[in-house]
Amino acid sequence: MKTIITACTRDCPGACSVIAHVEDGKVVKLTGNREHEFTAGLLCGSTKNYLKNHFYSSKRILHPLKKVNGEWKRISWEEALDIAACKLKEVKEKYGSTSILYYQGFGARTALRIINRRFFNAFGGVSTLYGTVCGGIGQAGQELDFGERISHDPFDHLNSKSIIIWGRNPAVTDIHLWKILKEARKNGAKIIVIDPVKTDTAKRADLYYQPSPGSDAFLAMALSKVLFQENLIDSDFIDNYSKNFEEYKKIIDGFSLDYLRDKCDIPVNELEELARIYAEGPSSIILGWGVHRYLKGHQTFRMIDALAAISGNIGISGGGVSQGFEEFGYFDNSLEGTELRYESRKLPMPTIGDAILKSNNPKIKLIFISAGNPIAMSPNSKKVKKAFENVDYMIAVDHILNDTTELADLFLPATTFLEDEDLLGSYGSNWITPINPAVKHIGEARTELWIFQQLARRLGFEDKMEGTPKEWLSKLAKPLLDHGISLEELQKSPIRVPSAPKTPYKNRKFKTSSGKFEFIKEFEYNDNFNNEFSLRLLSIMPKKWILSGIPQNEHKKGILEIQVHPDILKEMDINSGDKSLLESSVGRLIVKVIENKEIRKDYVLTQNGGWIKYNKCVNILTKDMISELGNGTPYNETFVRLSKLN
């Protein structure tokens with residue numbers, strides 16, 4: 001048996017360094033890399049079971065497919081590539097290159113995916129995406145405060161006296177961070193969770209606060225108000241390293257503590273307790289994706305940043321406000337070759353269905369998609385499905401037939417991290433992790449780089465795409481190589497980026513125009529309560545899989561389960577276990593209702609990632625909109641009503 005160091009490339013902050021155990025040309029086991037400080041030998045259940053549920057699953061497609069009269073037919077790679085090249089050329093010549101949409105999803109986040117974009121730029125430029133269905137909202141807010149978003153190294157939380165986990169569930173979604181936080185607790189740190197949902201993390205915390213969903217900005221303001229009232233502020237930081245403090249203070253002074261208490265639904269004595277604990281410091285705040293998903297979510301991040309600033313928790317070890325890292329930040333993104341294109345257009349990812357349907361001059365005629373399942377994961381899924389169905393032709397590169405790729409006309413089977421050579425950044429830490437092939441390509445699966453190089457050869461610009469994976473990686477990794485790290489070192493074992501600070505802003509210098517921390521100056525809010533749709537819809541990450549990557553044994557029709565407080569069910573004369581109708585302003589879904597007295601009465605709870613095909617797609621209900629800042633997706637702004645089936 002031999003062992004190969006590779007990395008899990010799925011959409012997760014862990015970016016785990018994985019040891020693939022290979023025997024007789026087959027991967028027989030996956031374990032966590034004990035030599036990697038962050039992975040520390042741990043793998044989540046989804047990755048432990050990746051071999052049977054995905055890699056060797058009967059659901060995986062291992063040869064090119066063409067749709068003929070609505071049915072899939074196996075074809076050769078030569079035919080598939082000829083068809084793809086011919087379609088791309090035909091549509092470009094007839095309608096213009098921006099009639100082609102390249103949808104690059106987040107199903108795999110590796111360095112070589114940058115070269116995918118190079119292909120479409122060398123092709124002349126196509127329609128691509130802007131915005132995100134993930135965390136752009138908070139990043140935009142923090143960039144206004146700090147100039148750029150830089151999180152504390154996860155191990156710096158070991159220096160905290162208290163750690164607030166706000167809108168995040170690392171016990172399920174980031175087990176490596178959770179391991180560090182448990183170690184910090186052993187060292188004496190208090191673990192505090194703020195979340196409208198009583199998550200697995202909340203159940204294990206020292207203190208848990210369950211605010212009204214969407215009230216996070218008011219909660220942060222309430223804590224700041226307590227700090228001002230009790231004079232628990234850092235005047236040195238405010239006077240010497242910040243800007244706009246008076247405007248911010250005026251906002252806080254404009255609200256009474258009682259009003260803020262009512263908005264977040266946390267008693268004043270608990271607000272005071274939390275503020276005092278936090279002010280003792282050093283105290284860190286770890287923000288999750290649940291805080292992003294609001295129309296004005298950037299204001300929440302800014303109010304939380306301000307709380308950290310006035311308490312003296314910026315620029316100190318064990319402090320800070322951390323939400324994520326730039327997984328592509330240490331690679332040379334200029335290699336995507338924007339200078340090669342002569343036209344381009346961007347469509348918004350959060351409202352992609354609407355954007356495709358309304359596209360004009362030219363209309364979207366062809367979609368080329370890789371590593372994405374937007375029909376399951378985008379808001380207003382039925383509109384997204386309609387948009388994809390209305391496009392003349394679709395080419396998909398993926399591993400399986402999901403809600404989105406099943407609509408394709410041509411399916412090109414891709415390799416996985418167990419067959420690829422690549423490098424992986426992380427949005428959960430400052431580590432770069434190697435991806436090395438554990439086995440040869442299974443079946444006829446091919447790397448995305450190979451696919452685009454073959455298409456470039458057929459379309460006449462192979463010189464713009466030629467190069468082995470290693471040659472491209474040596475160029476992509478130049479910012480790292482300039483720090484004295486060799487490509488051989490990068491491909492041998494995980495490396496923490498030397499230039500990444502463990503404690504950001506230690507010198508109190510910020511990349512804002514003023515060079516100082518800039519407080520929020522204006523705060524706008526609105527009461528979006530709707531009598532017709534009175535329950536907020538919250539969806540969280542499932543425990544068993546990552547987003548829409550459903551394991552083989554879960555591939556079956558059923559019904560989406562939602563959790564509701566028993567008092568709500570009593571009012572509606574609905575029993576736990578009943579099938580009921582859940583409706584929003586954009587869709588309706590038959591659901592199975594489960595009572596849960598641990599959730600609040602102002603929302604219903606379910607999990608995301610389910611497919612339309614199996615009647616489990618919550619995004620049939622979510623409203624498609626774009627955040628006010630950051631071009632993010634405000635999933636949590638969807639309100640629903642529950643009614644009894646006749």
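A nonpolar core is a set of buried Ala, Val, Leu, Ile, Met, Phe, Trp, Tyr and Cys residues joined through side-chain atoms within 4.5 Å. In this predicted model, the largest such core holds 52 residues, and another core, of 51 residues, lies apart from it. The briefing below also covers an open three-stranded sheet, two pairings made by strand S27, and the cysteines, which form zero disulfides.

**Nonpolar cores**

- Within the largest core, of 52 residues, the members that touch the most others are Trp166, Met221, Tyr248, Ile285 and Met303.
- Helix H9, spanning residues 216-229, is the greatest contributor to this core, supplying 10 residues.
- Tyr248, when its neighbours within four places in sequence are set aside, is in contact with Ser224, Phe228, Met303, Ala306, Leu307, Ile310, Phe519 and Ile520.
- The separate core of 51 residues includes Ala111, Val126, Leu490 and Ile495.

**The open sheet S1-S2-S3**

- Strands of a sheet pair through backbone hydrogen bonds, in either a parallel or an antiparallel arrangement.
- Here three strands, in the order S1-S2-S3, make up an open sheet with antiparallel pairing.
- Strand S1 (2-7) and strand S3 (26-32) are the edge strands; each has a single partner strand, and therefore one side of each has no neighbour in the sheet.
- On average, neighbouring strands of this sheet are turned by 30° against each other, direction ignored.
- Six bridges link S1 to strand S2 (residues 17-23) in the antiparallel sense.
- Thr3 has His21, in S2, as its bridge partner.

**Pairings of strand S27**

- Strand S27 (residues 639-644) runs antiparallel to strand S22 (residues 535-540), and two bridges join them.
- Arg536 is paired in a bridge with Phe639 of S27.
- Strand S24 (residues 579-583) is likewise antiparallel to S27, with four bridges between them.
- Opposite Leu581 stands Ser643, in S27.

**Cysteines**

- The structure contains zero disulfides.
- For Cys16, the closest cysteine sulfur is that of Cys12, at 6.0 Å, which is too far for a bond, given that a disulfide requires sulfur atoms within 2.5 Å.
- Cys16 has a relative accessible area of 7% and is therefore buried, the cut-off being under 20%.
- Cys617 takes part in no disulfide, and its nearest cysteine sulfur, in Cys134, is 16 Å away.
- Cys617 also counts as buried, because its relative accessibility is 1%.

Notes:
Residues numbered from 1 in each chain as written. Predicted model: local features only at pLDDT ≥ 70, side-chain atom pairs only at ≥ 80, totals over all residues. Heavy atoms only, no water. Pairing = 2+ DSSP bridges. Axes fitted to C-alpha atoms, helices over the stretch in contact; angles between N-to-C directions. Buried < 20%, exposed > 50% of the residue type's maximum accessible area, 1.4 Å probe, protein only. Contact = heavy atoms within 4.5 Å.
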